[in-house]
Amino acid sequence: MQKRTLSFWEIWNMSFGFLGIQLGFALQNANASRILQIFGADVHELSWFWLVAPITGLIIQPIIGYYSDRTWTKLGRRRPFFLTGALMAAAGLILMPNADLFIAILPSLWIGAGMLFVMDASFNIAMEPFRALVADNLPSDQRTLGFSVQTVLIGIGAVVGSWLPYVLANWFNISNRAVAGEVPLHLLLSFVIGAAILVISILVTVFTTKEYSPEELEKMDDHVSEDEVETEKKSSLLDIFTDFKNMPFTMRQLAWVQFFSWFGLFGMWVFSTPAIAHHVYGLPLSDNSSETYQDAGDWVGVLFGVYNAVSAVFAFFLPVIALKLGRKTTHMFSLVLGGLGLLSIYIAPNEYWLLLSMVGVGIGWASILAMPYAILAGSIPPRKMGVYMGIFNFFIVIPQIINAIIGGPMVKYLYDGDPIYALVTSGVAFLIAAALCVRIHDVDEPVVVKKV
């Protein structure tokens, strides 16, 4: 029994929910540090407030993957998980910028940080079952296309989410000003709109996509014996540790590439607003409420939208480039361009030059979202797709946890309080990840590549 070849629009609908997930994720990435600063967080504390979310992802991702491999309901195998994650994330999106409404219970800063935790944990619950769904439903020769389409939708959602505050303020004249300690109206509306789009897009995938049953997937896995299937059925949650120990060699190689890629991404997300406000706009680090600071924050959203727009466009070309160069070589060159983009922020003469920097970052981001998963999917057994996708998330959240712990102290003590050097560090991390791509053995490289 073979997986059938899906049409482009079937693949599109299967990943459409990722548009909403990434829209909400982009709103969080571009504005969470800004909101936390509005509520009173210092620059060197920002990474610590982001810490709880990746720790939660480290714990829950393999558990979600394990149980999604063993779940079969009326909604299917993966869909119940990303639907639940999306609903939780939508609640976090609505509540985070409104944290000051709960000041009678706890300080708004702590409520806001708690909602950041809820959002990031929920996005983690939703994202990896989506990755596993693509791997479940597509044959090997369509996986690069599948993850590339997913990257396109991620890019579209991220552009909308990143630009939404700027658009509301500059096109619809919704105020981006607020008194100290309060979140501007355009940010409040952006998060509410993001929550609504998130839920609607997830429902599109839930109601238009079918999944193969566990029995059908077993028949498709011709590399596994009946004894192995029976052993797998008797396994327990604790077997995650055994699976971690026995992870495929290709996955171990990809782990180091992922580590440095996501270490760099986390630093960019956390420190871009204060770094650009200080280094490019010339504001003092203590300024987190002036009109210029709000303008800088809105411009960071525009920049994040640009790199996501570039990502969405570049993702269309990834399957063709990967066929010509190979998946690991494509990923390596993309990461080099991403690293150079981050490093160039330091020498940008004004905020408009940063648009060029984001072109490189967008190319790197597109590849990070597609190539590692296309390579990984061919190296792991279909019956363990969910749990290994969850374990693979270790190498996304662990570097974020490390950056969250050391990033703030590095800015405070090593960089003399200047967060622009956190972005330089992120650029260097991308270049290290690119160098490590040379070691990857892509066991499922399409035959067409080998003939070129």
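Asn173 counts as exposed in this predicted model, with a relative accessibility of 67%. The residue is placed in the loop that runs between helices α7 (143-170) and α8 (185-208). The backbone of Asn173 has a phi near 55°, a positive value in a residue other than glycine. A positive phi is also found at Asp416, where the angle is near 55° and the residue is again not glycine. Asp416 belongs to the loop between α17 (394-414) and α18 (420-436). Its relative accessibility is 71%, and Asp416 therefore counts as exposed, the threshold being over 50%.

These loops connect elements of a helical chain. The secondary structure comprises 19 helices and 0 strands. The radius of gyration is 21 Å, close to the 22 Å that the globule rule gives for 452 residues, so the chain is as compact as a globular protein of that length. Taken along the principal axes, the C-alpha atoms fill a box of roughly 65 × 50 × 40 Å. Of the 452 residues, 63% count as buried. Among contacts with a sequence separation of 6 or more, 84% are accounted for by residues 24 or more positions apart.

The surface and the charges of the chain were also examined. The exposed area amounts to about 17,400 Å², of which carbon and sulfur atoms supply 68%. The chain carries 26 positive and 33 negative side chains, and the centres of these two sets lie 9 Å apart.

Several buried positions illustrate how the helices are placed against other parts of the chain. Ser311 is situated in helix α13, a helix that spans residues 291-325. With a relative accessible area of 0%, Ser311 is buried. When neighbours within four places in sequence are left aside, the contacts of Ser311 are with Thr151, Gly362, Trp365, Ala366 and Leu369. Thr151 falls within the residue range given for α7 (143-170), whereas Gly362, Trp365, Ala366 and Leu369 fall within that of α15 (354-377).

Ser190 occupies a position in helix α8. This serine likewise counts as buried, at 0% relative accessibility. Beyond the neighbours within four places in sequence, Ser190 is in contact with Leu27, Leu164, Pro165 and Leu168. Leu164, Pro165 and Leu168 lie in the range of α7 (143-170).

Val257 is part of helix α12, which covers residues 249-279. The side chain belongs to a buried residue, the relative accessible area of Val257 being 0%. With neighbours within four places in sequence set aside, Val257 is in contact with His331, Leu335, Ala433, Leu436, Cys437 and Ile440. His331 and Leu335 fall within the range of α14 (327-344), and Ala433 and Leu436 within that of α18 (420-436). Val257 and Glu215 are 42 residues apart along the chain, and their C-alpha atoms are separated by 34 Å.

Asp120 is located in helix α6, residues 108-137. At 7% relative accessibility, Asp120 counts as buried. Between Asp120 and Met410, the separation is 290 residues in sequence and 24 Å in space, C-alpha to C-alpha.

Aromatic side chains were analysed by the positions of their rings. Pairs were assigned where ring centres lie within 6.5 Å, and by this rule the count comes to 16 aromatic pairs. In one of them, Trp299 and Tyr352 have ring centres 5.4 Å apart and planes at 75°, so the arrangement is edge-to-face. Trp299 lies in helix α13 and Tyr352 in the loop between α14 (327-344) and α15 (354-377), so the pair ties together parts that are 53 residues apart in sequence. The two partners differ in their exposure: Trp299 is buried, with a relative accessible area of 10%, while Tyr352 counts as exposed at 53%.

One aromatic cluster is formed by Phe25, Phe123, Trp262, Trp269, Phe304, Tyr307 and Trp365. Trp365, a member of this cluster, is also among the contacts of the buried Ser311. Phe123 falls within the range of α6 (residues 108-137), Trp262 and Trp269 within that of α12 (residues 249-279), and Phe304 and Tyr307 within that of α13 (residues 291-325).

Key. Residues numbered from 1 in each chain as written. Predicted model: local features only at pLDDT ≥ 70, side-chain atom pairs only at ≥ 80, totals over all residues. Heavy atoms only, no water. Phe/Tyr/Trp six-rings, centres within 6.5 Å; stacked < 30°, edge-to-face > 60°. Helix = DSSP H or I, 4+ residues; strand = E, 2+ residues; numbered from the N terminus. Buried < 20%, exposed > 50% of the residue type's maximum accessible area, 1.4 Å probe, protein only. Contact = heavy atoms within 4.5 Å. Rg over C-alpha atoms; globule rule 2.2 N^0.38 Å. Areas by Shrake-Rupley, 256 points an atom, 1.4 Å probe, with all protein chains shown as cover. Lys, Arg positive; Asp, Glu negative; His and termini not counted. Charge placed at Lys NZ, Arg CZ, Asp CG, Glu CD.
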